[in-house]
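Here are some points for the bench on the model we have been discussing. They go from the chain as a whole to its sheets, one helix and a few individual residues.

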Amino acid sequence: MRHFLDLASAGADGIAAILNDALDAKAARKGWPKGRADADASLAGHTLACVFEKSSTRTRVSFDMAMRQLGGSALVLDAGTTQLGRGETVADTARVLSGYCDAIMVRTDDPAKLDEMTRYASVPVINGLTDHSHPCQIVADLLTVIEAGKALPGLKWAWLGDGNNVLHSIVEAGALMGFDVVAACPEGYDPAPAVIEAAGGRATITRDPVAAVRDADVIVTDTWISMGQAHAEQKLAAMAPYQVDDALMAHAKPDAVFLHCLPAHRGEEVTPEVIDGPQSLIWPEAENRLHAQKAILRWCFGLVG
Ligand code: CP
Ligand code: NVA
């Protein structure tokens, strides 16, 4: 049994296998109706419980559709309408859901809750985002960059803004797949030092957005205020110099691509000209969440890698 808790838990070989499976399965479905199961329906009869303690559009719909296309089904459970919302423990929930379902996806705040779910579940557990990381998103991002014709080893990825959960997973991906990540973050909003240290020199932090973007292949940003954080004017002011606009993009390689996990705030972390411009890959990136989830699920059940 495999849990998909962070990219490192799959390892470089696991991530490579997941990416290849996603690319193959996506190609094999060309022209099929979105609701029709894949020809091999490889998870027929399987059910995924998706537990959301935070909002979601992409993760929620892509996991549900992923299970339908794999021939199975998903139950989307908002914590607030389950007994979790009334104080039933994660440990008890894990044991109960394991009796009904074949896998559990969790979106929560504290990574300790994901650990607790994993410890007590007897089925695979998938990290659908915590305050610390967002590994499923980065599998979709890697797919999107590969589809843009860029081999991952040796690339330079530039991150602008908040040193958050999405950045943590990009840094982890860089260390596993052999690309560099330069994160431009204002003082006080750096990523976790342990995450940078674990990348073994592949990840660096700068205060200078131009230095981060210079000659970069991939430019990434995210909301300045993540779910669960207070909307603080002080934070928005600190982030302002890190907005991705055309002037900043001009320092990247001419064929650089722009990524954003969404939801976006046009006029804050990115200008409309960039996010809706020719270098932006946000729509294929969002669609790739579906293809990524399918491969992650298949990996959890030992059908990949
Ligand atoms: N990118 C992402 O995880 O989107 P949702 O919050 O809509 O799931
Ligand atoms: N950093 C964002 C990502 C949303 C998909 C958040 O945690 O809210």
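What percentage of the 305 residues of the chain count as buried?

1. In this predicted model, 47% of the 305 residues of the chain count as buried. Of the contacts in the chain with a separation of 6 or more, 74% are made by residues that are 24 or more positions apart.

2. The chain has 12 helices and nine strands. Its radius of gyration is 19 Å, close to the 19 Å that the globule rule gives for 305 residues, so the chain is as compact as a globular protein of that length. The C-alpha trace spans about 55 × 45 × 35 Å along its principal axes.

3. An unreviewed UniProt entry carries the annotation "domain: Aspartate/ornithine carbamoyltransferase carbamoyl-P binding", which covers residues 2–147. Over that stretch the chain is 47% helix and 14% strand, with its end C-alpha atoms 27 Å apart. The name of the domain comes from the record, and the annotation may be inferred rather than shown by experiment.

4. One open sheet consists of four strands in the order E2-E1-E3-E4, and their pairing is parallel. Strand E2 (73–78) and strand E4 (125–127) are the edge strands, each pairing on one side only. On average, neighbouring strands of this sheet are turned by 20 degrees against each other, direction ignored. Within the sheet, strand E1 (residues 47–52) and strand E3 (residues 103–107) pair in the parallel sense over five bridges, and Leu48 has Ala103 in E3 as its bridge partner.

5. Is Asp78 buried or partly exposed? Asp78 lies in strand E2, and it counts as partly exposed because it has 16 C-beta neighbours inside 10 Å, where 20 or more would be needed for a residue to be buried. The C-alpha atom of Asp78 is separated by 5.9 Å from that of Val51, although the two residues are 27 residues apart along the chain.

6. Helix H5 (residues 135–147) deserves a separate check. At 1.5 Å a residue, its 13 residues should span 18 Å, and its end C-alpha atoms are 19 Å apart, which agrees. Of these 13 residues, 11 are buried, so H5 is largely enclosed by the rest of the structure. The buried residues of H5 include Pro135, Cys136, Asp141, Thr144 and Val145. Just after the helix, Gly149 takes a positive phi of about 90 degrees.

7. A further open sheet is formed by five strands in the order E7-E6-E5-E8-E9, and here the pairing is parallel. Its edge strands are strand E7 (203–206) and strand E9 (257–260), each of which pairs on one side only. Neighbouring strands of this sheet are turned by 20 degrees against each other on average, direction ignored. Helix H6 (residues 165–177) packs on the sheet, where it touches E5, strand E6 (180–184), E7 and E8, and the direction of H6 makes about 155 degrees with that of E6.

8. Strand E8 (residues 218–221) pairs with strand E5 (residues 156–160) in the parallel sense over four bridges, and with E9, also in the parallel sense, over four bridges. On the E5 side, Ala158 stands opposite Ile219, while Leu160 has Thr221 as its bridge partner. Thr221 in turn has His260 in E9 as its bridge partner.

9. How are the residues of E8 placed with respect to the two faces of the strand? In a regular strand the side chains alternate between the two faces of the sheet. In E8 both faces are covered, with Val218 and Val220 on one side, Ile219 and Thr221 on the other, and all of them buried.

10. Leu259 is placed in strand E9, and it counts as buried because 28 C-beta neighbours lie inside 10 Å. Leu259 and Val220 are 39 residues apart in sequence, yet their C-alpha atoms are 4.9 Å apart in space. Not counting residues up to four places away in sequence, Leu259 touches Asp141, Thr144, Val218, Val220, Leu281, Ile282 and Glu285. Among these, Asp141 and Thr144 are buried residues of H5, and Val218 and Val220 share one side of E8.

How values were computed
Residues numbered from 1 in each chain as written. Chains lettered and ligands numbered in written order. Predicted model: local features only at pLDDT ≥ 70, side-chain atom pairs only at ≥ 80, totals over all residues. Rg over C-alpha atoms; globule rule 2.2 N^0.38 Å. Buried ≥ 20, exposed ≤ 12 C-beta atoms within 10 Å, placed from the backbone. Contact = placed C-beta atoms within 7 Å. Pairing = 2+ DSSP bridges. Axes fitted to C-alpha atoms, helices over the stretch in contact; angles between N-to-C directions. Expected span 1.5 Å × (residues − 1).
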